[in-house]
Amino acid sequence: MAHDWSELPEEIIDLVVKRLPPYLNEFVQFSCVCKSWNAVVNKLKSQRSTIPCAPWLMLAKSKNDKQFKKAAIRTFYCHSTKRVFNYYLPQAKGTRCWGTPYGWLVTFGLDLNIHLLHPLSRLQISLPSQPTFQHQYRVSVAPEHLCRSFLKKFALASDPSSPESGQCPLVVAIYGDICYLAVASPGDEACTSVECSGSNYQEILFFKGQFYAISCRGMLRICEDFASPPDIASPPDIIDFASPQPKAIDFASPPDIICLCSTFYLVELSGDLYMVERKFDGIDDACPLGYHQETQFFYSVQV
């Protein structure tokens with residue numbers, strides 16, 4: 001006897017969805033079966049803000065892969081399944097991409113426009129373009145060079161697709177020749193540079209309602225929304241997104257183990273914030289890659 005799987009009760013479909021392995025491709029394939037199954041997946045996503053899935057890594061494009069370059073295909077790697085997926089994403093064609101914790105990409109194109117892009121729904125949200133940043137390169141450079149080097153990292157304050165956010169997410173970027181900070185929201189005409197006592201930032205992270213940034217010397221700076229109710233227990237290092245000139249002030253000194261050849265990261269682990277120092281040696285040999293960095297050890301400290 002034939003059955004129309006699309007007419008299954010929503011409660012049963014919901015039970016099946018909740019038992020799927022935490023792999024993004026499983027949810028994508030499930031939602032493609034029919035409209036009713038897709039509706040249940042979308043409903044679950046709207047309730048949870050994001051579906052609990054193991055993250056995918058977007059792989060760098062190969063310069064020799066002319067087929068994928070013409071077809072606007074991006075390649076993703078799923079660590080959980082050890083599989084590679086080729087995904088048609090024309091909105092990201094000719095752009096440099098950065099990932100975010102909420103499943104959105106930040107894209108920067110040769111037209112110097114910047115967008116938030118959801119790779120599954122292909123929804124795009126415009127951010128202020130590159131020429132609106134305050135600190136530009138001192139000499140004129142080609143768009144190709146700007147795409148490669150001007151923008152370093154991004155951090156989002158909330159999921160743009162979450163109904164709980166209630167407003168456009170704040171975005172903080174590390175940019176420029178000596179890695180300044182800038183803040184913007186979708187709809188802003190320009191990015192606003194963050195005034196602080198230093199630059200050369202290596203990492204930016206949004207953690208428990210605050211932006212944290214760490215410099216190449218290991219100095220940690222904290223950022224808060226000054227418009228929020230004051231908290232006596234909070235440190236006075238405040239970034240005021242509502243003011244014409246937001247600010248960030250020192251919060252924690254560099255660790256004692258700081259080395260000259262180090263890179264710093266900010267990591268959230270089990271609800272705590274850690275500062276991770278990666279010690280490396282610069283290797284310059286005759287290998288095809290030429291100069292490269294060889295990791296010696298990692299050192300972490302809880303903030």
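## Helix 1 and its buried face

Let's start near the N-terminal end of the numbering, with helix 1, which spans residues 10-18 and has Ile13, Asp14 and Val17 buried. Looking down the axis of helix 1, the buried residues fit within an arc of 100°, so they line one face of the helix. The general rule behind this kind of pattern is that an α-helix has 3.6 residues a turn, so residues three or four places apart point the same way.

## The overall picture

Keep in mind that this is a predicted model. The protein has five helices and 19 strands. Out of 303 residues, 39% count as buried. If you take the contacts with a separation of 6 or more, 43% of them come from residues 24 or more positions apart.

On the outside, the protein exposes about 17400 Å², and carbon and sulfur atoms supply 55% of that area. One nonpolar surface patch, of about 260 Å², is made by Leu57, Leu59 and Val84. Of these residues, Leu57 sits in strand 1, residues 56-58.

## The five-strand sheet

Strands 12, 16, 15, 14 and 13 make an open sheet in the order 12-16-15-14-13, with mixed pairing. Strand 12 (195-196) and strand 13 are the edge strands, and each of them pairs on one side only.

Which way do strand 15 and strand 16 pair? Strand 15 runs antiparallel to strand 16 (residues 247-252), and three bridges connect them. Within that pairing, Ile222 has Ile249 in strand 16 as its bridge partner.

## Strand 14 and its two hairpins

Strand 14 covers residues 210-215, and six of the six are buried, so the strand is largely enclosed by the rest of the structure. Its side chains alternate: Gln210, Tyr212 and Ile214 point one way, while Phe211, Ala213 and Ser215 point the other way, and all are buried.

On one side, strand 14 pairs with strand 13 (residues 201-207) in the antiparallel sense, over six bridges. Here Tyr201 stands opposite Ser215. The two strands form a hairpin with two residues between them, and Lys208 in the turn has a positive phi of about 50°.

Strand 14 also pairs with strand 15 (residues 220-223), again in the antiparallel sense, this time over four bridges. In this pairing, Phe211 stands opposite Cys223. The hairpin of strands 14 and 15 has four residues between the strands, and Gly218 takes a positive phi near 90° there.

## The four-strand sheet

Another open sheet has four strands in the order 8-9-10-11, and its pairing is antiparallel. Strand 8 (151-156) and strand 11 (192-193) are at the edges with a single partner strand each, so one side of each is left without a neighbour in the sheet.

Strand 10 (residues 180-184) and strand 11 are joined over two bridges in the antiparallel sense. One residue pair to look for is Val183 and its bridge partner in strand 11, Thr192.

## Three salt bridges

How many salt bridges turn up in a search of the whole structure? There are three. Take Arg138 and Asp177, whose closest N and O atoms are 2.7 Å apart. This pair links distant parts of the chain, 39 residues apart: Arg138 is in the loop between strand 7 (124-127) and helix 5 (143-149), and Asp177 is in the loop between strand 9 (171-175) and strand 10. Arg138 counts as exposed, at 72% relative accessibility, whereas Asp177 is partly exposed, with a relative accessible area of 33%.

Next, the side chains of Glu203 and Lys153 meet in a salt bridge at 3.2 Å, N to O. Glu203 belongs to strand 13 and Lys153 to strand 8, so this pair links distant parts of the chain, 50 residues apart. Glu203 is buried, with a relative accessible area of 11%, while Lys153 counts as partly exposed at 26% relative accessibility.

Finally, Arg221 forms a salt bridge with Asp250, the closest N and O atoms being 2.8 Å apart. Arg221 is in strand 15 and Asp250 in strand 16, 29 residues apart along the chain. Is Arg221 buried or exposed? Arg221 is buried, with a relative accessible area of 6%, and its partner Asp250 is partly exposed, at 32%.

Notes:
Residues numbered from 1 in each chain as written. Predicted model: local features only at pLDDT ≥ 70, side-chain atom pairs only at ≥ 80, totals over all residues. Heavy atoms only, no water. Buried < 20%, exposed > 50% of the residue type's maximum accessible area, 1.4 Å probe, protein only. Pairing = 2+ DSSP bridges. Arc of directions from axis to C-beta. Contact = heavy atoms within 4.5 Å. Areas by Shrake-Rupley, 256 points an atom, 1.4 Å probe, with all protein chains shown as cover. Patch = residues over 30% accessible without salt bridge, like charges linked within 9 Å, V, L, I, M, F, W, Y side chains within 5 Å. Salt bridge = Lys/Arg side-chain N within 4 Å of Asp/Glu carboxyl O.
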